[in-house]
Amino acid sequence: MTWLSAGCAGLLFGLGLLLGGMANPEKVLGFLDIAGPWDPSLALVMAGALVIGAPAYALARFRGRSFLELPIDKPTKQTLDKRLVLGSASFGIGWGLAGICPGPAFVLLGAGSAKGIVFFAFMLLGFALFEWLDRSR
């Protein structure tokens, strides 16, 4: 049942990315370019996600277990640190340069998009580089 619910959630997420335009790098870059011809339509997509996600998150915090009665692993760290700030900044820079973030990268990879394949390969390289640097510390 867990695999089925995860698959359904992933399918719904992927469809939402496609329908909302989040898997279209040009549309994302149009949203991020507030100094140019700004496209505010993705703000509505994000607001819609918050309208649904915020109550669901609040319910999950209240319940402590999923509807499948599995434990919910919640973050325990409550402080901002250098690692979080640098990670957020690098994510934002990458998103701003390419117009792609990890979720849409999977959609573009599945669609066979050349830009998506290159982005996905370099995203994996970034993961590996982080692991190597983190272990060498």
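Residues 24 or more positions apart account for 42% of the contacts in the protein chain with a separation of 6 or more. The model behind that value is predicted. The chain has six helices and zero strands. Read from the N terminus, the elements run α-α-α-α-α-α. Along the principal axes, the C-alpha atoms fill a box of roughly 45 × 40 × 30 Å. Of the 137 residues, 18% count as buried.

Start with a pair of helices. Two packed helices are described by the angle between their axes and the distance between the axes. Helix α1 spans residues 2-20, and helix α5 spans residues 102-111. Their axes come within 10 Å and cross at roughly 90°. Angles of 65 to 115 degrees count as roughly perpendicular, so α1 is roughly perpendicular to α5. On the α1 side, the contact is made by Phe-13, Gly-14, Leu-17 and Leu-18. On the α5 side, Gly-103, Pro-104 and Val-107 meet them. The residues of this contact divide into five nonpolar, two polar and no charged.

Stay with α5. Its buried residues are Gly-103, Pro-104, Ala-105, Val-107 and Leu-108. What covers them? The cover includes α1, α2 and α6, the last of these running over 114-136. After α5 comes Gly-112, whose phi is positive, near 80°.

Now turn to the interior. In soluble globular proteins, nonpolar side chains tend to be buried together. Here the largest nonpolar core has nine residues. Leu-17 and Val-107 belong to this core, and both also take part in the contact of α1 with α5. The other members are Met-22, Ala-23, Val-28, Phe-31, Leu-42, Trp-95 and Cys-101. Take Val-28 as a sample. Leaving aside its neighbours within four places in sequence, Val-28 is in contact with Gly-21, Met-22, Leu-42, Trp-95 and Gly-99. Apart from the largest core lies another core, of seven residues. Among its members are Ala-98, Ile-100, Phe-119 and Met-123.

The cysteines deserve a look. A disulfide is a covalent bond between the sulfur atoms of two cysteines. How many disulfides does a search of the whole structure find? The search finds zero. Cys-101 is buried, with a relative accessible area of 15%. Cys-8 counts as partly exposed because its relative accessibility is 45%.

Next come the loops. Asp-39 is found between α2 (25-32) and α3 (41-63). Is Asp-39 buried or partly exposed? Buried means under 20% relative accessible area. Asp-39 has 23% relative accessibility, so this residue counts as partly exposed. Not counting residues up to four places away in sequence, Asp-39 touches Lys-27, Gly-30 and Phe-31. Of these, Phe-31 is a member of the largest nonpolar core. From C-alpha to C-alpha, Asp-39 and Met-123 are 26 Å apart in space. In sequence, 84 residues separate the two. Met-123 is one of the residues of the seven-residue core.

A further loop, between α3 and α4 (82-98), holds Glu-69. Most residues other than glycine have a negative phi, and most peptide bonds are trans. Glu-69 has a positive phi, near 65°, in a residue other than glycine. Its relative accessible area is 45%, so Glu-69 is partly exposed.

Conventions:
Residues are numbered from 1 along each chain as its sequence is written. This is a predicted model: local features need pLDDT of at least 70, side-chain atom pairs count only at pLDDT 80 or more; totals for chains, interfaces and linings use all residues. Side-chain values use heavy atoms; hydrogens and water are left out. A disulfide is a pair of cysteine sulfur atoms within 2.5 Å. Buried means under 20% relative accessible area, exposed over 50%, partly exposed in between (1.4 Å probe, protein chains only). Axes are lines fitted to C-alpha atoms, for helices over the stretch in contact, and angles run from 0 to 180 degrees between N-to-C directions. Helices (H or I, at least four residues) and strands (E, at least two) are DSSP runs, numbered from the N terminus. Angles under 35 degrees count as roughly parallel, over 145 as roughly antiparallel, 65 to 115 as roughly perpendicular and the rest as oblique. Contact means heavy atoms within 4.5 Å. Ala, Val, Leu, Ile, Met, Phe, Trp, Tyr, Cys and Pro count as nonpolar, Asp, Glu, Lys and Arg as charged, and the others, Gly among them, as polar. A nonpolar core is a set of buried Ala, Val, Leu, Ile, Met, Phe, Trp, Tyr and Cys residues joined through side-chain atoms within 4.5 Å.
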